[in-house]
Amino acid sequence: MLTSELLRDKGILVVQPGAPLQAEDFRSLAATVDPYITERGQLAGLLLEAPSFPGWDSFGALVEHLRFVRDHHRNITRVAAVTDSGFLKVMPRIAEHFAHPEIKVFGGAEKARALDWLEGKDS
């Protein structure tokens, strides 16, 4: 399960995985951000707030996650991961080789700093 909130005034999508990710989570995210991207051209940022990575509930969910990344990574300027998870701290280093957005990892208590970075207030 993935909860999300689109901060329309800032162009930032905040996502919080709370249980193994489902295919529907990514279809729902697309339904939320696609109209915004159509209207504004892109998201300023995506904030992933995850103390740990819950994984996927099925292979189909993994495929839908990869499809979401493929279809949206060029429309997101920055991605901030707020986490203390070792796995999630390493993933951005891998993702930056094939994904468009600038990616940065912040400690679990640094959500405000991550939001500032996504808004371009803190480099």
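Trainee: What do β1 and β2 form, and which residue in the turn between them has a positive phi?

Mentor: In this predicted model, β1 and β2 make a hairpin with four residues between them. The one with the positive phi is glycine 11 in the turn, at about 70 degrees.

Trainee: How do you know that β1 and β2 pair, and in which sense?

Mentor: Count the bridges. Pairing takes at least two, and strand β1 (residues 2-7) has six with β2, so the two count as paired, in the antiparallel sense. To see one bridge, look at serine 4, whose partner in β2 is valine 15.

Trainee: What makes β2 and β3 a pair?

Mentor: Again, at least two bridges are needed. β2 and strand β3 (residues 43-49) have four, so they pass, and this pairing is parallel. Valine 14, for instance, has leucine 47 in β3 as its bridge partner. On the way from β2 to β3 the chain goes through helix α1 (residues 23-40), and this β-α-β crossover is right-handed.

Trainee: Is β2 (residues 12-17) mostly covered or mostly open, and how do you know?

Mentor: Mostly covered: five of the six residues in β2 are buried.

Trainee: Which residues of helix α4 are buried?

Mentor: In α4 (residues 111-118) they are Ala114, Leu115, Trp117 and Leu118. These residues span an arc of only 160 degrees around the axis, so they sit on the same side of α4. As for what they pack against, it's β1, β2, β3, β4 (76-82) and β5 (102-106).

Trainee: Why is tryptophan 117 called buried?

Mentor: Buried means under 20% relative accessible area, and tryptophan 117 has 1%, so the label fits. Phenylalanine 106 is buried too, at 1% relative accessibility.

Trainee: And what about phenylalanine 53: why isn't it called exposed?

Mentor: The class in between runs from 20% to 50%. Phenylalanine 53 has 24%, so it is partly exposed, and tryptophan 56, with 33%, is partly exposed as well.

Trainee: How many aromatic pairs does a search of the whole structure find?

Mentor: Three. One of them is phenylalanine 53 with tryptophan 56, at 4.9 Å centre to centre and 70 degrees between the planes. Planes over 60 degrees apart count as edge-to-face, so that's the name this pair gets.

Trainee: Why is the pair of phenylalanine 106 and tryptophan 117 called tilted?

Mentor: Check both values. The centres are 5.9 Å apart, and the limit for a pair is 6.5 Å. The planes stand at 55 degrees, which is neither under 30 nor over 60, so tilted it is. Phenylalanine 106 belongs to strand β5 and tryptophan 117 to helix α4, so the pair ties together parts 11 residues apart in sequence.

Trainee: How do you know that histidine 72 is buried?

Mentor: Histidine 72 has 6% relative accessibility, and the cut-off is under 20%, so it counts as buried. This residue lies in helix α2 (residues 59-72).

Trainee: What lies 2.8 Å from a polar atom of the side chain of histidine 72?

Mentor: The backbone oxygen of phenylalanine 68. If you leave aside neighbours within four places in sequence, histidine 72 touches Ala30, Val33, Asp34 and Ile37.

Trainee: How many helices and strands does the chain have, and in what order do they run?

Mentor: Four helices and five strands, in the order β-β-α-β-α-β-α-β-α from the N terminus on.

Definitions and conventions: Residues numbered from 1 in each chain as written. Predicted model: local features only at pLDDT ≥ 70, side-chain atom pairs only at ≥ 80, totals over all residues. Heavy atoms only, no water. Buried < 20%, exposed > 50% of the residue type's maximum accessible area, 1.4 Å probe, protein only. Right-handed = clockwise from strand over helix to strand, strands pointing away. Arc of directions from axis to C-beta. Contact = heavy atoms within 4.5 Å. Phe/Tyr/Trp six-rings, centres within 6.5 Å; stacked < 30°, edge-to-face > 60°. Polar contact = N/O pair within 3.5 Å; in protein donor to acceptor, adjacent residues only side chain to side chain.
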